[in-house]
Amino acid sequence: MKNENLYNYILGIADNSLILGQRMGELCGHGPSLETDIACTNISLDLFGQVRSYFQYASKIAGDGRTEDDIAMLRKEREYKNVLLVEQPNTDFAYTLGRQFLFDVYHLAFLKELQKSTDLTLSAIANKCVKEVSYHERFSSDWVKRLGDGTSESKEKMQEAINDLWTYTDEFFHQTDADKAMVVEGIGVDVTKLKDSYYKEVSQVLEEATIQVPESKYFQKGGKQGIHTEHLGYLLSDLQYMQRTYPNMEW
C-alpha cells in the first residue's frame with residue numbers, strides 16, 4: 001500500500017471512536033434517566049459518524065476495493081488499534097462516565113491539534129468533530145463532578161472508577177511508527193506534547209469533583225499495537241455479528 005502509514009494512522013484515530021461508540025451504544029435503553037439515556041446514545045451516534053468519515057477516507061487510501069464497512073467490521077481483534085481505555089466494559093454508570101471523561105479530555109485536545117494537519121481531509125474531519133467532542137467533554141465532566149460531589153455512595157463509585165481506569169490513560173501519549181511518520185510529514189499530531197496539559201486539566205476537574213487524583217505510576221499499554229484486553233473480543237462479537245453472519249450485505 002502506497003500510503004500505509006497514513007492508512008494505519010487513520011485507523012489509530014478512528015478505532016478509538018468506533019469501540020467507544022459501541023460501548024456507549026450498549027447503554028441505549030439502560031440509562032439512569034430518559035434524558036441521560038438519550039444523551040449517551042447521541043454521543044455514540046456522534047462517534048460512529050466520525051468513524052464513517054475516517055473509514056471512507058481510509059478506504060480510498062487502501063485502494064483495494066475495501067469499503068468503510070469492511071474496515072469497520074471485518075478485521076480481526078489484533079488488527080484494531082484503539083487504546084485499551086475505550087474497550088473497558090460499562091461496569092456501572094460511574095465507570096461509563098469516568099471512562100468517557102478520561103477519553104474526552106484527550107480527544108478534544110487531539111482534535112484541536114489535528115485541525116492544523118497538512119492533510120486537508122483530516123483537517124476538515126477534525127474541524128467538524130471538535131464541535132461534537134466539545135459537548136462530550138462538557139457532558140462527561142459535569143457528570144464526574146455531579147457524582148464525585150454527590151452522595152457518599154456516588155462519590156465512592158466515582159473514585160473507584162477513576163482509580164481503576166487511570167492505569168489506561170498514559171497510552172494516549174505513546175507513539176506508533178505510523179504516528180511518528182505522520183508527525184514528520186506534518187500530517188499527524190505529536191501526542192507526546194499533549195500529556196502535561198491533559199493531566200493538568202483532568203486533575204482540575206477531579207479536584208472540583210472532590211475526587212482524589214490517583215498517584216499510581218503503573219500504566220497499561222498495548223492497544224495501539226493490537227494487544228488488547230479480553231473485553232474487546234466480546235465487544236467485536238456483537239459489533240461484527242450481522243456483517244459476518246450475512247456476508248456482503250448492503251445497508
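This report walks through helices, a nonpolar core, salt bridges and a few single residues in a predicted model.

## Two helices and their ends

Start with helix H4, residues 93–114. Helix H4 has 22 residues. From its first C-alpha to its last, H4 reaches 31 Å, close to the 32 Å expected at 1.5 Å a residue.

Is H4 enclosed or open? Of its 22 residues, 18 are buried, so H4 is largely enclosed by the rest of the structure.

The N-terminal end of H4 has a cap, and Asp92 provides it. A side-chain oxygen of Asp92 lies 3.1 Å from the backbone nitrogen of Ala94.

Now take helix H2, residues 34–62. H2 has 29 residues, which should span 42 Å at 1.5 Å a residue. Its end C-alpha atoms are 41 Å apart, which agrees. Gly63 follows H2, and its phi is positive, near 60°.

A positive phi turns up at Thr210 as well, again near 60°. Thr210 is a residue other than glycine. Thr210 sits in the loop between H8 and H9. Its relative accessible area is 36%, so Thr210 is partly exposed.

## The nonpolar core

The largest nonpolar core has 78 residues. Phe110 and Leu114 have the most contacts inside it. Helix H4 gives the most to this core, with 12 residues.

What does Leu114 touch, beyond residues up to four places away in sequence? Its contacts are Tyr9, Ile13, Tyr54, Leu122, Ser123, Ala126, Ile187 and Val189.

## Salt bridges

Side chains of opposite charge can pair when their charged atoms come close. The structure holds 8 salt bridges. Three of them are set out here.

| Lys partner | Glu partner | Closest N and O atoms |
|---|---|---|
| Lys116 | Glu113 | 3.2 Å |
| Lys128 | Glu132 | 3.5 Å |
| Lys145 | Glu208 | 3.5 Å |

Take the bridge between Lys145 and Glu208. This pair links distant parts of the chain, with Lys145 in helix H5 and Glu208 in helix H8, 63 residues apart. Lys145 is partly exposed, at 23% relative accessibility.

The bridge between Glu132 and Lys128 lies within one helix. These residues are 4 apart in helix H5 (residues 120–148), so they are separated by about one helical turn. An α-helix has 3.6 residues a turn, so residues three or four places apart point the same way. Glu132 counts as buried, at 19% relative accessibility. Lys128 is partly exposed, with a relative accessible area of 44%.

Next come Lys116 and Glu113. Lys116 is exposed, with a relative accessible area of 59%. Glu113 is partly exposed, at 31%.

Helix H5 also holds Arg146. Arg146 is exposed, with a relative accessible area of 56%. Between the C-alpha atoms of Arg146 and Ala126 there are 29 Å, and the two residues are 20 apart along the chain.

## Lys224 and Asn82

Lys224 is found in the loop between helix H8 (195–208) and helix H9 (230–239). Lys224 is buried yet has no salt bridge.

Which side chain of opposite charge is nearest to Lys224? That is Asp179, 4.1 Å away. A salt bridge needs a nitrogen and an oxygen within 4 Å, so this pair does not count as one.

Lys224 does have a polar partner. The backbone oxygen of Phe172 lies 3.1 Å from a polar atom of the Lys224 side chain. Leaving out residues up to four places away in sequence, Lys224 touches Lys81, Asn82, Val83, Glu171, Phe172, Phe173, His174, Thr176 and Asp179.

Asn82 appears in that list. Where is the place of Asn82? Asn82 is in the loop between helix H3 (68–73) and H4. At 0% relative accessibility, Asn82 counts as buried.

The side chain of Asn82 makes a polar contact with the side chain of Glu87, at 2.9 Å. Beyond its neighbours within four places in sequence, Asn82 is in contact with Asp15, Asn16, Ile19, Glu87, Gly223, Lys224, His228 and Leu232. So the contact between Asn82 and Lys224 joins two loops: Asn82 lies between H3 and H4, and Lys224 lies between H8 and H9.

Definitions and conventions:
Residues are numbered from 1 along each chain as its sequence is written. This is a predicted model: local features need pLDDT of at least 70, side-chain atom pairs count only at pLDDT 80 or more; totals for chains, interfaces and linings use all residues. Side-chain values use heavy atoms; hydrogens and water are left out. The expected span of a helix is 1.5 Å times one less than its number of residues. Buried means under 20% relative accessible area, exposed over 50%, partly exposed in between (1.4 Å probe, protein chains only). A polar contact is a pair of N or O atoms within 3.5 Å; within protein, one must be able to donate a hydrogen and the other to accept it, and residues adjacent in sequence count only if both atoms are side-chain atoms. A nonpolar core is a set of buried Ala, Val, Leu, Ile, Met, Phe, Trp, Tyr and Cys residues joined through side-chain atoms within 4.5 Å. Contact means heavy atoms within 4.5 Å. Lys and Arg count as positive and Asp and Glu as negative; His and the chain ends are not counted.
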